[in-house]
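Subject: Structure handover

Hi,

Here is the structure I promised you. Please open it alongside this email and follow along.

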Amino acid sequence: SDLLIAAATAMDGIVMNEKYRDSEMHTILKGLVTVRIDSAEHMGSVDFWPCSGTGCVFLPEADVINVTPVVKSKLCNLAKVSSKGVVLAECTGVSEQYMDSLQQLATLEMKLVTLPVPTKLDAAKMLVQLMQTFHSGGDTTKPPRHGPVENALLEAVQCLPKTGIVKAKALLEKFGSLRAISLATVKELAAMVGQSSAVSIYAYFHEPFKQQK
């Protein structure tokens with residue numbers, strides 16, 4: 001419900017769809033933040049609300065590989081109910097090749113932010129990162145602190161094309177979050193990682209068809 005979402009996110013908490021109750025992600029999140037469980041009826045297609053206005057959907061590897069009509073409907077509904085919809089996509093060695101198609105659907109067509117996460121553990125930690133960014137006043141230029149959440153974010157940034165650990169650290173030092181990186185211009189990215197990498201990173205979020213050429 002709207003009141004539950006507002007209350008939980010106001011107190012550094014995350015609202016979770018009841019379908020994740022007692023799951024691996026639930027267990028991880030409980031060790032990091034306050035978790036409020038809401039009914040599937042109220043949550044609808046949204047899996048998590050890490051902060052007010054930002055709804056998140058987690059897509060496991062199988063859904064990244066095979067984006068079924070059910071998955072498309074879920075993403076479409078997320079775009080409708082969330083002002084800042086985020087898709088956490090399980091990006092593994094197997095599913096990585098399918099990320100371009102997902103970017104086409106989620107980012108270009110539905111205007112959602114798609115963030116690659118290597119594992120469910122990293123997805124849970126990314127939710128905490130989104131929550132912390134919101135409660136820090138939205139300061140996306142603030143460098144992340146060292147810790148398990150920030151390590152997960154660093155690993156996620158390294159999933160971006162032409163981005164090793166050095167460039168990933170440089171990006172996080174400047175932008176502070178994956179969302180901020182996804183919104184940066186080529187010029188802003190190039191100042192940190194060079195023109196070639198900047199073009200590839202920008203295309204990853206905004207022009208997936210160009211990556212396929």
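Below is what I found, going from the whole chain to single residues.

**Overview**

Please keep in mind that this is a predicted model. The protein chain has 213 residues, and 48% of them are buried. Its secondary structure comes to 13 helices and six strands. Take the contacts between residues at least 6 apart in sequence: 63% of these join residues at least 24 apart.

**The sheet**

Six strands form one open sheet. The order is 2-1-3-4-5-6, with mixed pairing. Strand 2 (34–38) and strand 6 (113–117) are the edges, and each pairs on one side only. Neighbouring strands are turned by 25 degrees against each other on average, ignoring direction.

Here are the pairings, in sheet order.

- Strand 1 (residues 13–17) and strand 3 run antiparallel, with two bridges. Val 15 has Trp 49 in strand 3 as its bridge partner.
- Strand 3 and strand 4 are also paired in the antiparallel sense, over two bridges. Cys 51 is bridged to Thr 54 in strand 4. These two strands make a hairpin with two residues between them. Gly 53 sits in that turn and has a positive phi of about 90 degrees.
- Strand 4 and strand 5 are parallel, over four bridges. Cys 56 stands opposite Val 86 in strand 5.
- Strand 5 and strand 6 are parallel, over five bridges. Ala 89 stands opposite Pro 116 in strand 6.

Is edge strand 6 mostly covered or mostly open? It is mostly covered: five of its five residues are buried. Val 113, Leu 115 and Val 117 are buried on one side. Thr 114 and Pro 116 are buried on the other. Both faces of the strand are therefore covered, as buried here means under 20% relative accessible area.

At the other edge, look at Asp 38 in strand 2. Its relative accessible area is 7%, so Asp 38 counts as buried. Phe 48 lies 10 residues from Asp 38 along the chain, and their C-alpha atoms are separated by 9.5 Å.

**Helix 5 on the sheet**

Helix 5 (residues 69–81) packs on the sheet and touches strand 3 (48–51), strand 4 and strand 5. Its direction makes about 170 degrees with that of strand 4.

The length of helix 5 checks out. It has 13 residues, so at 1.5 Å a residue it should span 18 Å. Its end C-alpha atoms are 18 Å apart, which agrees.

Which residues of helix 5 are buried? They are Val 71, Lys 74, Leu 75 and Leu 78. They cover an arc of only 95 degrees around the axis, so they lie on the same side of helix 5. The general rule is familiar: an α-helix has 3.6 residues a turn, so residues three or four places apart point the same way. Note that a lysine, Lys 74, is among the buried residues.

The buried residues of helix 5 pack against strand 4 (54–59), helix 4 (61–65), strand 5 (86–90) and helix 6. The face turned away from the buried side carries the exposed residues Pro 69, Val 70 and Lys 80.

**Helix 6 and its partners**

Helix 6 also packs on the sheet, touching strand 4, strand 5 and strand 6. Its direction makes about 150 degrees with that of strand 6.

Helix 6 (residues 99–109) also meets helix 12 (residues 195–206). Their axes come within 7 Å and cross at roughly 65 degrees. From helix 6, the contact uses Met 99, Gln 103, Thr 107 and Leu 108. From helix 12, it uses Tyr 204, Phe 205 and His 206. By class, that makes four nonpolar, three polar and no charged residues.

**Two lysines to look at**

Lys 111 is in the loop between helix 6 and strand 6. Its phi is positive, about 60 degrees, although it is not a glycine. At 65% relative accessibility, Lys 111 is exposed.

Lys 162 is in the loop between helix 8 (148–157) and helix 9 (165–175). Its phi is positive too, about 55 degrees, and it is not a glycine either. Lys 162 is exposed, at 51% relative accessibility.

Best wishes

Methods. Residues numbered from 1 in each chain as written. Predicted model: local features only at pLDDT ≥ 70, side-chain atom pairs only at ≥ 80, totals over all residues. Heavy atoms only, no water. Axes fitted to C-alpha atoms, helices over the stretch in contact; angles between N-to-C directions. Contact = heavy atoms within 4.5 Å. Nonpolar A, V, L, I, M, F, W, Y, C, P; charged D, E, K, R; others polar. Expected span 1.5 Å × (residues − 1). Buried < 20%, exposed > 50% of the residue type's maximum accessible area, 1.4 Å probe, protein only. Arc of directions from axis to C-beta. Pairing = 2+ DSSP bridges.
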